[in-house]
Amino acid sequence: MIGSFTFENLPCRVVFGSGTLAHAKAEVERLGGKRALVLTTPQQEAQGKSLGTALGPLYAGLFSGATMHTPVDVTDRALAAMKACEADCVVSLGGGSTTGLGKALALRTGINQLCIPTTYAGSEMTPIVGQTENGLKTTVRDAAILPETVIYDVDLTLTLPASLAATSGINAIAHAVEALYARDTNPVTSLMAEEGIRALARALPAIAAKSDDREARTEALYGAWLCGVCLGTVGMALHHKLCHTLGGTFDLPHAETHTIVLPHALAYNAPAVPDAMARIARAIGAADASRGLYDLAKQLGAKLALRDVGMPESGIDKAADLAVTNAYWNPRPLERNAIRDLIARAFAGEPPV
Ligand code: NAD
């Protein structure tokens with residue numbers, strides 16, 4: 001039965017396909033841009049340079065210093081580069097870290113962003129940026145942060161190693177999983193969530209088996225887009241809060257942490273969200289949603305234990321305390337001991353219960 005709901009369609013133009021990078025110049029022009037600063041990580045600098053060539057007279061310069069967690073001092077340097085080359089828009093080419101830098105610049109200056117994602121993180125679909133200063137990560141939500149235009153080009157994702165595709169893909173699935181039981185859940189977002197999970201759960205094993213499977217890479221990117229829309233349109237809960245805490249406190253890798261925690265956070269919420277459990281199970285083709293997600297991660301060869309990505313055992317209690325310190329909405333009330341058990345199982349890499 002469909003009840004009352006609110007759905008806010010976020011204003012973002014999407015160009016999807018193969019070879020769509022060739023539209024970058026026209027899309028910058030469409031935004032009224034005359035001088036574009038290209039943003040990348042150091043690892044993707046060469047890709048940024050060839051994008052610059054494709055932009056021709058619209059290319060103002062390259063800043064290749066994007067890094068994880070959007071440190072404020074990196075944004076300061078990018079802003080100086082933006083001013084020095086008199087850029088009037090940014091083109092972010094890369095994963096969530098690069099997208100984050102473009103968003104931080106937009107937050108400060110209101111500049112337009114063309115975003116070209118090369119992972120499945122989904123940040124390009126959200127009006128949110130998490131920035132770090134003095135070891136503290138703060139999240140800002142502002143309409144100016146949402147990129148105006150996004151180009152998804154499957155060709156750019158072919159270089160994403162299968163192992164990164166696996167964890168980045170499950171990171172995307174996590175957005176859709178929590179969207180299905182969000183406080184402000186709605187039938188439209190849920191439709192995208194289920195389809196996003198289905199697309200990724202089908203594509204990721206195919207990518208693991210054959211890294212250059214274009215059909216699977218296309219389906220995965222399509223799924224990642226849908227999951228990104230979920231993240232941008234409804235609120236998240238326990239899983240995202242836990243990953244934020246674990247990542248920030250112990251400096252754990254973003255996508256791998258999501259991959260490890262997701263089955264356990266979902267198992268914790270399971271008794272409170274039977275409909276979401278049924279939809280997720282249907283989307284991944286498993287008898288049980290949380291066990292199915294654990295098995296998917298295992299099948300993809302992803303790490304299953306937080307201890308294997310750098311979390312100290314002493315962190316289990318600390319993380320449990322932090323998880324219940326700042327109260328937030330979750331479909332099942334936060335119980336410190338049960339959350340500690342959940343983290344302990346994720347730490348050891350045991351299956352969810
Ligand atoms: P990332 O952007 O840090 O990328 C990881 C590495 O992979 C980088 O070295 C990058 O250059 C490289 N890479 C990216 N695409 C590649 C490709 N196609 N081929 C080869 N190498 C490639 O990782 P991520 O997981 O995409 O992003 C994580 C960051 O994004 C975190 O800081 C997280 O907080 C943020 N994030 C924010 C939101 C939001 O809504 N604000 C949403 C999701 C993630």
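Lys137 has its place in strand β7, which covers residues 136-141, and the structure described here is a predicted model. With a relative accessibility of 31%, Lys137 counts as partly exposed, because the range between buried and exposed runs from 20% to 50%. This briefing begins with the surroundings of Lys137 and then turns to salt bridges, to two helices with a buried face, and to one pair of packed helices.

**Around Lys137**

- Leaving aside residues up to four places away in sequence, Lys137 touches His69, Gly130, Gln131, Thr132 and His244.
- Leu334 stands 197 residues from Lys137 along the chain, and the C-alpha atoms of these two residues are separated by 22 Å.

**Salt bridges**

- The structure holds 16 salt bridges, and among them is the one that Arg279 forms with Glu194, in which the closest N and O atoms are 2.6 Å apart.
- This pair links distant parts of the chain, since Arg279 belongs to helix α11 (residues 274-284) and Glu194 to helix α7 (residues 187-209), with their positions 85 residues apart in the sequence.
- The two partners can also be described by their accessibility: Arg279 is partly exposed, with a relative accessible area of 26%, whereas Glu194 is buried, with a relative accessible area of 12%.
- Another salt bridge joins the side chains of Arg198 and Glu195, with a distance of 2.9 Å from N to O.
- Arg198 and Glu195 are separated by about one helical turn, because they are three residues apart in helix α7.
- Arg198 is partly exposed, with a relative accessible area of 27%, and Glu195 likewise counts as partly exposed, at 25% relative accessibility.
- The side chains of Glu219 and Arg202 meet in a salt bridge as well, here with an N to O distance of 2.7 Å.
- Because Glu219 lies in helix α8 (residues 214-233) and Arg202 in helix α7, this pair ties together parts that are 17 residues apart in sequence.
- Glu219 is buried, with a relative accessible area of 16%, while Arg202 is exposed, with a relative accessible area of 53%.
- Glu195, Arg198, Arg202 and Glu219 are linked with one another in a network of salt bridges.

**Helix α2 and its buried face**

- Helix α2 spans residues 45-55, and its buried residues are Gly48, Leu51, Gly52 and Leu55.
- Seen down the axis of α2, these buried residues fall within an arc of 105 degrees, and therefore they line one face of the helix.
- On the other side of α2, the residues Ala46 and Thr53 are exposed.
- The elements that cover the buried residues of α2 include the helix α1 (24-30) and the strands β2 (36-39), β3 (59-63), β4 (89-94) and β5 (112-117).
- Just after α2 comes Gly56, which takes a positive phi of about 55 degrees.

**Helix α11 and its buried face**

- The buried residues of α11, the helix that also holds Arg279, are Ala276, Met277, Ile280, Ala281, Ala283 and Ile284.
- Viewed down the axis of α11, the buried residues fall within an arc of 160 degrees, so they line one face of the helix.
- Pro274, Asp275 and Arg282 are exposed on the other side of α11.
- The buried residues of α11 pack against the helices α6, α7, α10 (254-269) and α12 (289-299).
- Gly285, just after α11, takes a positive phi of about 70 degrees.

**The pair α6 and α9**

- Two packed helices are described by the angle between their axes and the distance between the axes.
- The axes of helix α6 (residues 162-180) and helix α9 (residues 238-250) come within 9 Å and cross at roughly 140 degrees.
- The helices α6 and α9 are therefore oblique to each other, because an angle would have to be over 145 degrees to count as roughly antiparallel.
- On the side of α6 the contact is made by Ala174, His175 and Glu178, and on the side of α9 by Leu238, His239 and His240.
- The residues of this contact of α6 with α9 divide into two nonpolar, three polar and one charged.

Technical notes
Residues are numbered from 1 along each chain as its sequence is written. This is a predicted model: local features need pLDDT of at least 70, side-chain atom pairs count only at pLDDT 80 or more; totals for chains, interfaces and linings use all residues. Side-chain values use heavy atoms; hydrogens and water are left out. A salt bridge is a side-chain nitrogen of Lys or Arg within 4 Å of a carboxyl oxygen of Asp or Glu. Helices (H or I, at least four residues) and strands (E, at least two) are DSSP runs, numbered from the N terminus. Buried means under 20% relative accessible area, exposed over 50%, partly exposed in between (1.4 Å probe, protein chains only). The arc is that of the directions from the helix axis to the C-beta atoms. Contact means heavy atoms within 4.5 Å. Axes are lines fitted to C-alpha atoms, for helices over the stretch in contact, and angles run from 0 to 180 degrees between N-to-C directions. Angles under 35 degrees count as roughly parallel, over 145 as roughly antiparallel, 65 to 115 as roughly perpendicular and the rest as oblique. Ala, Val, Leu, Ile, Met, Phe, Trp, Tyr, Cys and Pro count as nonpolar, Asp, Glu, Lys and Arg as charged, and the others, Gly among them, as polar.
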